[in-house]
Amino acid sequence: MPVQRTIRVYDRAEELYQAAAALVSEQLQTAINERGRALVAFSGGSLTAYLYPLLAGTPWREQIDWPLVSVLFADERYVPFDDAENTYRATRQTLLDHVPVQAEQVFPVPTYYREPEQAAAIYHQQTAALLAAHGGKFDVVLLGIGPDGHTASLFPHHPALATPADKLAVVVRDAPKPPPVRLSLTPTAFNAARSVVFIASGESKAAAVAAALTGPGNPHAQPTRLIQPEGGSLYWLVDRAAGRLL
Ligand SMILES: O=C(O)[C@H](O)[C@@H](O)[C@H](O)[C@H](O)COP(=O)(O)O
């Protein structure tokens, strides 16, 4: 089954984030209407500053039956929950604390183990269990892209890209973007999605977005190319600056 790819370019970042909020709330609510529940994976970075506050406010907040949504994270920085770099913390502060999601339906990456490998095993199990409870698929996976082309914590040419296909989570050490130790879902996990939505804003992303979307490419150099959810939808929502080289 092919992937249905849609690329949308918005004049301004504000329009991009409004459109992303509309798309995500529509996709979550469609899942709830069709299957009675929804499963989402959130990324960190600029989404916590620009997208999540929108989803937490009117009108999007009211358009999602949050008590029927389960929340996972696409990746996490291996720092404690109270560290300002922690994506779960930032997502709570900007979104989850402001919507009626059920606390027991939010699954932060357990960054309190001494060894990140222990946390990765739990992350894998939680992801597998949630996917099984949701017909084998995420309803929505939200991803960003870095200027170097990384997405979630899958960095170009990093050994973590060679994770065996049956693993849903991986430990990433020596990440070029700080903090250096991270956990990430794998392409196998991301490809179990009904919809993957990439969001990119700003001139610094232009080359990475063009490398991801044009030409034959190379999945080791552009890990976003590993994410092709068969039979699902793949959206790239970018502003004019990030889409300048398309
Ligand atoms: O740890 C993180 O920051 C994210 O999970 C990461 O994958 C992010 O989505 C990209 O690095 C893009 O980040 P920006 O949107 O902040 O540029």
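# Reading strands, sheets and a helix

Guide: Welcome! Let's begin with one pair of strands: β6 and strand β7 (residues 182–185) are antiparallel partners, joined over 4 bridges. Please keep in mind that this is a predicted model.

Visitor: Thanks! Which residue stands opposite Val170 in β7?

Guide: The general idea comes first: strands of a sheet pair through backbone hydrogen bonds, in either a parallel or an antiparallel way. Here, Val170 has Ser184 of β7 opposite.

Visitor: What is the order of the strands in this open sheet of 3 strands?

Guide: Reading across, the order is β4-β7-β6, and the pairing is antiparallel. The edge positions belong to β4 (75–77) and β6 (169–172), each with a single partner strand, so one side of each has no neighbour in the sheet. From one strand to the next, the twist averages 15°.

Visitor: And what is the order of the open sheet of 6 strands?

Guide: Follow β1-β9-β8-β5-β2-β3, with parallel pairing. At its edges stand β1 (4–10) and β3 (69–73); each has a single partner strand, so one side of each is left without a neighbour in the sheet. Neighbouring strands in this sheet are turned against each other by 15° on average, direction ignored.

Visitor: Let's walk through some of these pairs. How many bridges link strand β2 (residues 38–42) and β5?

Guide: Those two pair in the parallel sense over 2 bridges. Val40 has Val140 as its bridge partner in β5. Moving on, strand β5 (residues 140–143) also pairs with β8, again in the parallel sense, over 3 bridges. There, Leu143 has Phe198 as its bridge partner in β8, while Val141 stands opposite Val196.

Visitor: How many bridges join β8 to strand β9 (residues 233–239)?

Guide: This parallel pair is joined by 6 bridges, and Ala200 has Val238 as its bridge partner in β9. The chain connection is worth tracing too: β8, helix α8 (residues 206–213) and β9 make up a right-handed β-α-β unit.

Visitor: Now the side chains. Which residues of β8 point one way, and which the other way?

Guide: In a regular strand, side chains alternate between the two faces of the sheet. In β8, Ser195, Val197 and Ile199 point one way, whereas Val196, Phe198 and Ala200 point the other way. All of these residues are buried, which fits a strand (residues 195–200) that is mostly covered, with 6 of its 6 residues buried.

Visitor: Which way do the residues of β5 point?

Guide: Val140 and Leu142 point one way and Val141 and Leu143 the other, and all are buried.

Visitor: What about a helix? How many residues does α1 have?

Guide: Helix α1 (residues 13–35) has 23 residues, and from its first C-alpha to its last it reaches 33 Å, close to the 33 Å expected at 1.5 Å a residue. Its buried residues include Leu16, Tyr17, Ala20, Leu23, Val24 and Gln27. After α1 comes Gly36, which has a positive phi, near 80°.

Visitor: Last one: how many residues surround the ligand?

Guide: A good way to read a ligand's surroundings is to count the neighbours and then sort them by class. The ligand is surrounded by 14 residues, and the closest are Gly44, Gly45, Ser46, Gly144 and Gly146. Sorted by class, this shell holds 2 nonpolar, 9 polar and 3 charged residues.

Terms used:
Residues numbered from 1 in each chain as written. Predicted model: local features only at pLDDT ≥ 70, side-chain atom pairs only at ≥ 80, totals over all residues. Near = placed C-beta within 6 Å. Nonpolar A, V, L, I, M, F, W, Y, C, P; charged D, E, K, R; others polar. Buried ≥ 20, exposed ≤ 12 C-beta atoms within 10 Å, placed from the backbone. Pairing = 2+ DSSP bridges. Right-handed = clockwise from strand over helix to strand, strands pointing away. Expected span 1.5 Å × (residues − 1). Axes fitted to C-alpha atoms, helices over the stretch in contact; angles between N-to-C directions.
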